[in-house]
Amino acid sequence: MTLEVLHQPASASSAAPPLLFVHGSYCAAWIWAEPFMPFFAAHGYDCHAVSLRGHGGSPGKVEWAGLADYVADVTQAVSRLPRPPVIVGHSMGGLIAQHVVAGGHPAAGLALLASTPPSGLGSSSLHMMTHAPDVLFQLGLLQSLGPQAVSAATMHRALFSPRTSPDSVAWMMARLQKESTRIGAELLMPPRPWPPTGVETPALVMGGDADVFLPVSAFEETAAHWKADLHLLAGAPHALMADTANWRPSAETMLDWLSRKIGR
């Protein structure tokens, strides 16, 4: 299967490892195309973003795809790069990235943005039931009926900060798609991605304290599990890479970490 992989070459020759971006649920590689990939390409990083099977321009059926299938997709994308990348995963993509590294596949590092924690989405479900039951309901509509059935105002609150314009929300809403029913069940209690014995993978965990989907405790769990650097962004929502007010602080935090822990 030939997956869709968007490519933004580095603006100048660099010794830095490539970056491989992995999207979350309901999205595809397009979520990274602006502004994250141009930002990192301008700073000397060769950027690639993969669309998981059945997402974006990638072939395959999404309905019954599972965690193992998505891990295989990212593993394939890793194997086609000239050298081990830093795998950058958002939300579900963060858990997939963890499992790729846990499977022993070489990676120069892990950058986990608003990532699903190793234990899965149990804490997320409780968090939303307590603080945002309307968002949980809207996710059910998105999965069962598609994006056209979802409230743009609720998804704005779910994914973005108030400073992000409704036009940006509409842009995303027009591109969202249904997610695998199987992965939705698996993410509630997935197998844990144990770090490989004897391998120290530099890791960054980043999340916002205004994330409607995931509590701060989820980011703390992930950081402890991977012995990672943890950065919490005040007032930041779930869509760190696309939010008007928070994409640049998120990107600059990751760039600083890359410079210090990975090199360029």
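**View 1. Helices H5 and H6 pack against each other in this predicted model.** Start with helix H5 (residues 122-131) and helix H6 (residues 133-145), whose axes lie 5 Å apart and meet at an angle of about 120 degrees. Angles of 65 to 115 degrees would count as roughly perpendicular and those over 145 as roughly antiparallel, and the two helices are therefore described as oblique to each other. Which residues make the contact? On the H5 side they are Met-128, Met-129 and His-131, and on the H6 side Pro-133, Val-135, Leu-136 and Leu-139. Sorted by class, six of the residues in this contact are nonpolar, one is polar and none is charged.

**View 2. Seven strands line up in an open sheet.** Follow the order E1-E3-E2-E4-E5-E6-E7, and note that the pairing is mixed. Which strands stand at the edges? They are strand E1 (5-8) and strand E7 (229-233); each has a single partner strand, so one side of each is left without a neighbour in the sheet. On average, neighbouring strands of this sheet are turned by 15 degrees against each other, direction ignored.

**View 3. Strand E5 sits between E4 and E6 in the sheet.** On one side, strand E4 (residues 86-90) runs parallel to E5, and five bridges join the two. Look for Gly-89, whose bridge partner in E5 is Leu-112. On the other side, E5 pairs with strand E6 (residues 203-208) in the parallel sense, over four bridges. Here Leu-110 has Ala-203 of E6 as its bridge partner, while Leu-113 has Met-206 of E6. To see how the chain gets from E4 to E5, trace helix H4 (residues 92-102): E4, H4 and E5 make a right-handed β-α-β unit.

**View 4. Strand E5 is covered on both faces.** Why is E5 (residues 109-113) described as largely enclosed by the rest of the structure? Five of its five residues are buried, so the description follows from that count. Buried here means under 20% relative accessible area. Gly-109, Ala-111 and Leu-113 are buried on one side of the strand, and Leu-110 and Leu-112 are buried on the other.

**View 5. Strand E6 is mostly covered too, and leads on to E7.** Six of the six residues of E6 are buried. Ala-203, Val-205 and Gly-207 point one way from the strand, whereas Leu-204, Met-206 and Gly-208 point the other way. From E6 the chain crosses through helix H10 (residues 216-226) to E7, and this β-α-β crossover is right-handed. E6 and E7 run parallel and are joined by five bridges; among the residues to find here is Val-205, whose bridge partner in E7 is Leu-230.

**View 6. Helix H3 lies across three strands.** The strands beneath your eye in this view are strand E2 (19-22), strand E3 (47-50) and E4, with helix H3 (residues 67-79) running at about 160 degrees to E2.

**View 7. His-90 has a place in strand E4.** Is His-90 buried or exposed? Its relative accessible area is 9%, and the cut-off for buried is under 20%, so His-90 is buried. Leaving out residues up to four places away in sequence, His-90 touches Val-22, His-23, Gly-24, Trp-32, Leu-113, Ala-114, His-238, Ala-239, Leu-240 and Met-241. One of these contacts, Leu-113, belongs to the buried residues of E5 from View 4.

Notes. Residues numbered from 1 in each chain as written. Predicted model: local features only at pLDDT ≥ 70, side-chain atom pairs only at ≥ 80, totals over all residues. Heavy atoms only, no water. Buried < 20%, exposed > 50% of the residue type's maximum accessible area, 1.4 Å probe, protein only. Pairing = 2+ DSSP bridges. Right-handed = clockwise from strand over helix to strand, strands pointing away. Axes fitted to C-alpha atoms, helices over the stretch in contact; angles between N-to-C directions. Parallel < 35°, antiparallel > 145°, perpendicular 65-115°, else oblique. Contact = heavy atoms within 4.5 Å. Nonpolar A, V, L, I, M, F, W, Y, C, P; charged D, E, K, R; others polar.
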